[in-house]
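Here's a quick look at a protein chain, with one helix picked out for a closer read. Have the structure open as you go.

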Amino acid sequence: VNYQSEQIDFIYSISQKQMELIQELKIEPLTKLYNRTALCGALASFVKKFQNGFIKPHMVLIDIDHFKEINDTFGHACGDKVLKALARIIKENMHGIRRAFRYGGEEFILLFENETSEQVYDVVEKIRKEFFDEKYDFAGESHFTVSAGISKLNSQWNDTTWFNSADAAMYRAKENGRNQIIVSENY
């Protein structure tokens, strides 16, 4: 009986370690947000839940404005500090069932399950303002900004068209002068 108990404990321990490792594979190391691999699974899940009538999701694409200039002016280590600061601000505002991902470089994706466009906008606006107000020891009085696009999932779309809608809205924010949020008109 003791031997079986030890075997069960050992198997449980290995299983727990595997679950921890699987979770670690979904986390981006610099920002500690979910990574692009985790995003792919989440998008498929959100689209399926939407098609089944369980959620009314929104996607937000956030991009740090002029990030290359930050790296070129202050160095990549300082650029990493800016990325970490934005990730921290995002995490502080993405509680509950909201999800945040580092898409790549200086781009981040936020997913909301059942909030209105106005509620999503308010969260993103809070992130935008807090990021603008963030102070950096290396930057003096410089402020950094983000542009964001918000898109509500449309019943005619898949995960790619949904992403493209948020991406197009984010690029409109950049074209309109940056440091702003645009809500997609495609729904």
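## The chain overall

Of the 187 residues in the protein chain, 44% are buried, meaning under 20% relative accessible area, with exposed set at over 50% and partly exposed in between (1.4 Å probe, protein chains only). This is a predicted model, where local features need pLDDT of at least 70, side-chain atom pairs count only at pLDDT 80 or more, and totals for chains, interfaces and linings use all residues. Residues are numbered from 1 along each chain as its sequence is written, and side-chain values use heavy atoms, leaving out hydrogens and water.

You'll find six helices and five strands here, taken as DSSP runs numbered from the N terminus (helices: H or I, at least four residues; strands: E, at least two). From the N terminus, the order goes α-α-β-α-α-β-β-α-β-α-β.

## Helix H2, inside and out

H2 covers residues 36–51, 16 in total. Its buried residues are Ala38, Leu39, Ala42, Leu43, Phe46, Val47 and Phe50. Looking down the axis of H2, they fall within an arc of 160° (judged by the directions from the helix axis to the C-beta atoms), so they line one face of the helix. Over on the other side, Thr37, Lys48 and Gln51 are exposed.

What do the buried residues of H2 pack against? The partners are strands S1 (58–64), S2 (99–104) and S3 (107–112), plus helix H6 (159–175).

## Either end of H2

At the start of H2, a side-chain oxygen of asparagine 35 comes within 3.1 Å of the backbone nitrogen of threonine 37. After H2 comes glycine 53, with a positive phi near 80°.

Note on methods. The expected span of a helix is 1.5 Å times one less than its number of residues. Contact means heavy atoms within 4.5 Å. A polar contact is a pair of N or O atoms within 3.5 Å; within protein, one must be able to donate a hydrogen and the other to accept it, and residues adjacent in sequence count only if both atoms are side-chain atoms.
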